[in-house]
Amino acid sequence: MTAPTGASIETVDKAAPAPALHRPWFPGGRVARDRPCDAPCQARARPFVLAATILASAMAFIDGTVVAIALPSIQQDLQTGFQALQWTVNGYTLPLGALILIGGALGDRIGRRLIFMIGIGIFALASVLCAMAPDAGTLIAGRALQGVGAACLVPQSLAILSASFPKEIRGRAIGLWAGAAAITTAAGPVIGGLFMDLLSWRAVFWVNLPMAAVALWLSVVYVPESRDAEAKGPIDVGGAVLLALALGLATYAFTTLPETGIADPVVASTLVGAVVLATAFVVQERRLQAPLVPFRLFRNPAFTGANGITVLLYAALSAVLFLLPFNLIQLRGYSGVQAGLALLPFGIIMGLLSRPAGRLADRFGPWVPLIVGPLIVTAACILFAAAGTEGGFATAVLAPILLLSIGMTFVVAPLTTAVMNAVPDNEAGIASGINNAASRLSGLVAVALIGALSAAVFADRLQDGLAPLDLTEGARAAIIGQADRLAGLDIPGTVTGSARSAAAEVVDSAFAVAFRYGMLAAALAAALSALWSAWLQMARRAPADAGP
């Protein structure tokens with residue numbers, strides 16, 4: 001489930017951000033200009049253009065939120081370990097974060113409708129692969145292909161709206177798109193939970209097919225083709241490949257650390273490879289005239305600072321939303337619908353309060369909310385950690401979710417405003433694209449690192465807890481051998497009576513501690529985000545206080 005923030009644009013100037021429950025993945029690139037598109041959209045076609053972009057985007061947004069709720073069910077059905085579940089999430093995030101800028105550039109040059117439709121097709125085919133996956137490896141491959149499809153279709157949604165609607169009604173159209181995105185993202189966990197309870201987790205992926213079919217039909221019939229005549233020169237495909245490979249190697253190393261340790265030759269060589277590829281990426285980007293990531297933007301402290309806040313805060317959010325469903329479903333015994341309903345306040349609060357928070361940021365500046373918001377998120381993570389797997393719904397689940405929602409609402413519009421205000425008008429598109437990629441990729445690393453931390457803590461506590469129990473060595477070894485499944489492990493049938501109850505209690509206790517460590521790690525990331533914001537605010541005030 002991805003991080004909700006958003007910005008709405010009418011032109012490429014620094015317009016006030018509009019609330020959305022998703023981040024503005026690539027707000028039109030260069031397309032949001034006053035220039036008409038190649039094939040102007042007739043008035044009667046505009047509602048259908050809007051519907052096509054909403055349906056296609058909804059597939060990506062819903063999948064991003066639903067899969068987190070489905071993870072415990074996927075684990076039980078496919079009998080897979082925690083690493084495979086991490087890759088089920090990261091397999092989607094990695095290609096999406098690494099290729100999202102390439103997707104926008106392809107649309108500008110080749111044709112936005114064409115790339116939009118290709119992305120829908122890839123996403124639909126990948127959904128079939130996920131729905132029919134007989135094992136975790138196939139599911140992860142399907143998720144990776146979904147990420148490629150999303151990287152193609154999502155950047156085109158706002159670009160098509162910006163090119164198809166006249167300036168005087170463009171903002172209204174984008175607002176409707178953002179509102180629909182907020183609703184679908186918020187409702188995603190509930191819809192997914194309903195499918196899982198009534199049918200199967202596989203239905204979460206099957207539901208994409210009718211949505212894709214309608215979106216493709218609307219695109220063929222109503223969506224005009226458009227390009228950016230000024231978008232010229234080669235696309236930095238090499239940079240995207242280097243970035244994806246570097247992040248993929250790093251993610252693999254982080255997720256395998258709990259089992260092998262840093263001294264393992266494979267892990268060590270993988271980390272070295274990631275560093276080498278990341279260095280090659282930086283070198284290539286610096287020598288290209290049209291790089292994927294223009295590093296000159298990072299010379300601006302405000303731009304660098306805003307992206308630093310993004311990385312830390314969205315790492316915290318991603319870790320919480322990854323680990324929480326295991327707590328709700330496997331430990332508290334919630335059904336899929338109940339778990340989805342527990343997360344529903346997050347989407348509702350974000351959708352209702354983001355615009356008022358944006359107005360406050362416009363009035364008082366973005367930096368104070370960028371301190372207060374992360375502090376509230378820190379408090380939410382600490383409350384999750386303190387409650388662990390105990391306590392009632394109101395204090396252990398609802399209260400921290402409400403705090404998390406309010407904290408993120410404080411951040412949504414101000415963070416977008418800070419990014420946009422830090423760059424010239426003509427670079428607003430690429431700046432927002434970088435910031436959105438940063439939020440996705442920080443989630444990738446957080447799920448790998450904090451997930452690995454939780455898995456290591458669980459294995460350690462499990463072994464210590466089982467040691468004094470009256471179990472046969474075979475039963476003890478069988479339980480410890482499933483440590484990579486965390487609370488989803490199966491206690492052997494040979495363990496019965498009081499010994500079985502005691503072993504189950506050890507498993508639950510070990511997960512409670514692992515969950516607590518994960519939430520504290522998330523709290524640390526959010527707190528560092530607040531400290532970073534405070535330091536930036538003091539650095540900005542220092543020259544003014546010094547006087548002439």
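This is a short tour of aromatic pairs and a nonpolar core in a predicted model.

**Stop one: F298 and F303.** Select these two and show their side chains. The ring centres sit 5.1 Å apart and the planes meet at 65°, so you're looking at an edge-to-face pair; the cut-off for that label is over 60 degrees. Now switch on a surface. Which of the two is buried, and which is partly exposed? F303 is buried, at a relative accessible area of 0%, while F298 is partly exposed at 28%.

**Stop two: widen the selection.** Add F281 and F295 to what you have. Ring pairs tie F281, F295, F298 and F303 together as a cluster. Over the whole model, the count of aromatic pairs is 10.

**Stop three: F322 and F326.** Move on to helix α10, residues 301-331, where you'll find both of these rings. They're four residues apart, or about one turn of the helix. With 5.8 Å between ring centres and planes at 70°, the F322 and F326 pair is edge-to-face. Both clear the under 20% bar for buried: F322 has 4% relative accessibility, and F326 has 2%.

**Stop four: the core.** Hide the helix and pick F458 and L462. These are the residues with the most contacts inside the largest nonpolar core, which has 144 residues. What does F458 touch, leaving out residues up to four places away in sequence? Light up A483, L486, A487 and L489, then V507, A510, F511 and A514: F458 touches each of these.

Terms used. Residues are numbered from 1 along each chain as its sequence is written. This is a predicted model: local features need pLDDT of at least 70, side-chain atom pairs count only at pLDDT 80 or more; totals for chains, interfaces and linings use all residues. Side-chain values use heavy atoms; hydrogens and water are left out. Rings of Phe, Tyr and Trp (its six-membered ring) pair if their centres lie within 6.5 Å; planes under 30 degrees apart count as stacked, over 60 as edge-to-face and the rest as tilted. Buried means under 20% relative accessible area, exposed over 50%, partly exposed in between (1.4 Å probe, protein chains only). Helices (H or I, at least four residues) and strands (E, at least two) are DSSP runs, numbered from the N terminus. A nonpolar core is a set of buried Ala, Val, Leu, Ile, Met, Phe, Trp, Tyr and Cys residues joined through side-chain atoms within 4.5 Å. Contact means heavy atoms within 4.5 Å.
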